Amino acid sequence: MTALPTRRLGELTVSAQGLGCMGMSHGYGDADEAESIATLRHALDLGVSLLDTSDFYGHGHNEELIGRAIAGRRDEVVLATKFGFANRLGEPTAIRGDAEYVRQACEASLRRLGVDHIDLYYQHRVDPQVPIEETVGAMAELVQAGKVRHLGLSEAGAATIRRAHAVHPIAALQSEWSLWTRDLEAEVVPVCRELGIGVVPFSPLGRGFLTGRYRSVEGMAENDMRRSQPRFADGNLQRNLAIVARLTELAEAKGVTAGQLALAWVQHRGDDVVPIPGTRRQRYLEENLTALTVELSADDITAIEAAAPNDQVAGTRYDATNLTFVGR
């Protein structure tokens with residue numbers, strides 16, 4: 001196993017970059033189990049310790065996949081999973097955070113993963129019908145029972161994070177953060193830093209768009225969720241491509257790819273930031289990890305942010321329904 005730099009999420013030590021596993025089962029076309037397992041094992045060989053999944057991804061398939069991939073290597077993995085989308089077999093519109101469901105979801109995830117504990121257990125989305133104190137209280141009971149080691153929230157608002165942390169220490173807040181999604185910087189990140197909570201950005205490459213590999217949705221699988229996302233829609237896509245073109249120019253001047261530059265920008269947000277770019281392919285895993293070695297000066301940061309101004313990103317990151325689930 002290779003040594004990568006590490007960072008802290010609360011009291012939890014992890015590799016400075018993790019691996020988001022959603023796309024191996026969900027969201028970006030059909031699964032390729034053999035390729036995904038090979039990539040997961042290669043990630044461990046390269047020193048990636050943080051693997052991120054959810055009971056929602058692939059209706060539980062992703063947890064089962066990871067369970068098979070890490071068999072015999074459990075001690076190398078900081079295993080993170082999530083609960084909250086109660087109707088996993090339907091549309092993701094039913095969120096549950098009641099204590100009974102928290103316990104049920106944890107037991108089911110442990111079975112699918114084939115492990116006796118989860119290192120980092122997130123509430124995937126906040127349930128507006130259940131006080132966060134009840135949800136985190138139930139999660140804290142899982143810690144006391146030895147089934148969970150550390151707690152996290154995903155896409156929670158600043159006030160909710162404060163209330164949750166008052167019940168039990170929150171190790172990490174997982175939310176979307178990239179050059180084209182920066183809304184958490186105003187309130188959420190300062191609260192996390194005040195409370196000693198690490199930040200785990202998902203989609204740090206803008207769902208792959210900031211790599212420059214996509215010029216349209218043509219060629220994406222019919223069940224690729226990006227086909228229905230506003231930023232990939234006609235009109236918006238063309239405007240957003242101008243951002244990628246400017247990033248590509250800057251990246252070429254530094255001898256890196258646009259994706260590596262965009263990911264390095266996220267890595268430079270702070271020592272409490274651990275992005276989890278997702279891929280099922282080994283070559284992209286290696287490319288992403290190279291971003292850890294990209295040095296950015298203050299002038300570089302200024303140039304990157306000028307090339308990708310947040311107020312020029314066209315389209316929202318989710319459709320209207322899914323936007324209601326974030327920032328609660």
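Two strands count as a pair when DSSP finds at least two bridges between them. That is the idea to carry into the first close-up of this predicted model.

**Figure 1. Strands S1 and S2 form an antiparallel hairpin.** Strand S1 (residues 6-9) and strand S2 (residues 12-15) are joined by four bridges. Two of the partners are easy to pick out: Arg-7 is bridged to Val-14 in S2, while Thr-6 has Ser-15 in S2 as its partner. The strands of this hairpin have two residues between them, and Gly-10 has a positive phi near 60°. Look also at the two faces of S1: Arg-7 and Leu-9 are on the covered face, whereas Thr-6 and Arg-8 are on the uncovered one.

**Figure 2. Seven strands make an open, parallel sheet.** Follow the order S3-S4-S5-S6-S7-S8-S9 from one side to the other. Which strands are at the edges? They are strand S3 (19-20) and strand S9 (198-202), each of which pairs on one side only. Within the sheet, strand S6 (residues 118-123) runs parallel to strand S7 (residues 148-154), and five bridges join the two. Tyr-121 is a handy landmark here, as this residue stands opposite Leu-151 in S7. As a reminder, strands of a sheet pair through backbone hydrogen bonds, either parallel or antiparallel.

**Figure 3. The largest nonpolar core has 79 residues.** The residues with the most contacts inside this core are Leu-19, Leu-40, Leu-51, Ile-161 and Leu-247. Helix H3 (residues 99-113) gives the core its largest share, seven residues. A second, separate core has 16 residues, and Leu-9, Leu-50, Phe-202 and Ile-276 are among them. In soluble globular proteins, nonpolar side chains tend to be buried together. For a closer look at Leu-19, set aside residues up to four places away in sequence: the residues that Leu-19 touches include Met-24, Leu-40, Ala-43, Val-48, Ile-276, Pro-277 and Leu-285.

**Figure 4. Helix H9 (residues 282-290) has five residues to look for, all of them buried: Tyr-284, Leu-285, Glu-287, Asn-288 and Leu-289.** What covers these buried residues of H9? The cover includes S3, H1 and helix H8 (258-267).

**Figure 5. Ser-49 sits in the loop between helix H1 (33-45) and strand S4 (50-52).** Is Ser-49 buried or exposed? Ser-49 counts as buried because its relative accessibility is 14%, under the 20% cut-off. Leaving out neighbours within four places in sequence, the contacts of Ser-49 are Val-14, Ser-15, Glu-76, Val-77 and Val-78.

**Figure 6. Glu-155 and Arg-207 are two residues other than glycine with a positive phi.** Most residues other than glycine have a negative phi, so both spots deserve a glance. Glu-155, with phi near 60°, belongs to the loop between S7 and helix H5 (158-167). Arg-207, with phi near 55°, is found in the loop between S9 and helix H7 (236-254). Glu-155 has a relative accessible area of 4% and is therefore buried. Arg-207 has a relative accessibility of 7%, so Arg-207 counts as buried too.

**Figure 7. Glu-187 lies in the loop between strand S8 (170-176) and helix H6 (188-195).** Why does Glu-187 count as exposed? The reason is its 56% relative accessibility, which is over the 50% cut-off. To get a sense of scale, find Ala-258 as well: the C-alpha atoms of Glu-187 and Ala-258 are 28 Å apart, and the two residues are separated by 71 residues along the chain.

**Figure 8. The second largest pocket has a volume of about 150 Å³.** The pocket is lined by 13 residues, and those closest to its centre are Ala-156, Asp-183, Leu-184, Val-188 and Gly-327. How does the lining of the second largest pocket divide by class? Six of its residues are nonpolar, three are polar and four are charged.

Note on methods
Residues numbered from 1 in each chain as written. Predicted model: local features only at pLDDT ≥ 70, side-chain atom pairs only at ≥ 80, totals over all residues. Heavy atoms only, no water. 1 Å grid on protein atoms, 1.4 Å probe; cavity = no way out; pocket = protein on both sides within 12 Å on 5 of 7 lines; lining within 4 Å. Points joined across faces, edges and corners; volume = space filled by probe spheres on them. Nonpolar A, V, L, I, M, F, W, Y, C, P; charged D, E, K, R; others polar. Core = buried A, V, L, I, M, F, W, Y, C linked by side-chain atoms within 4.5 Å. Buried < 20%, exposed > 50% of the residue type's maximum accessible area, 1.4 Å probe, protein only. Contact = heavy atoms within 4.5 Å.
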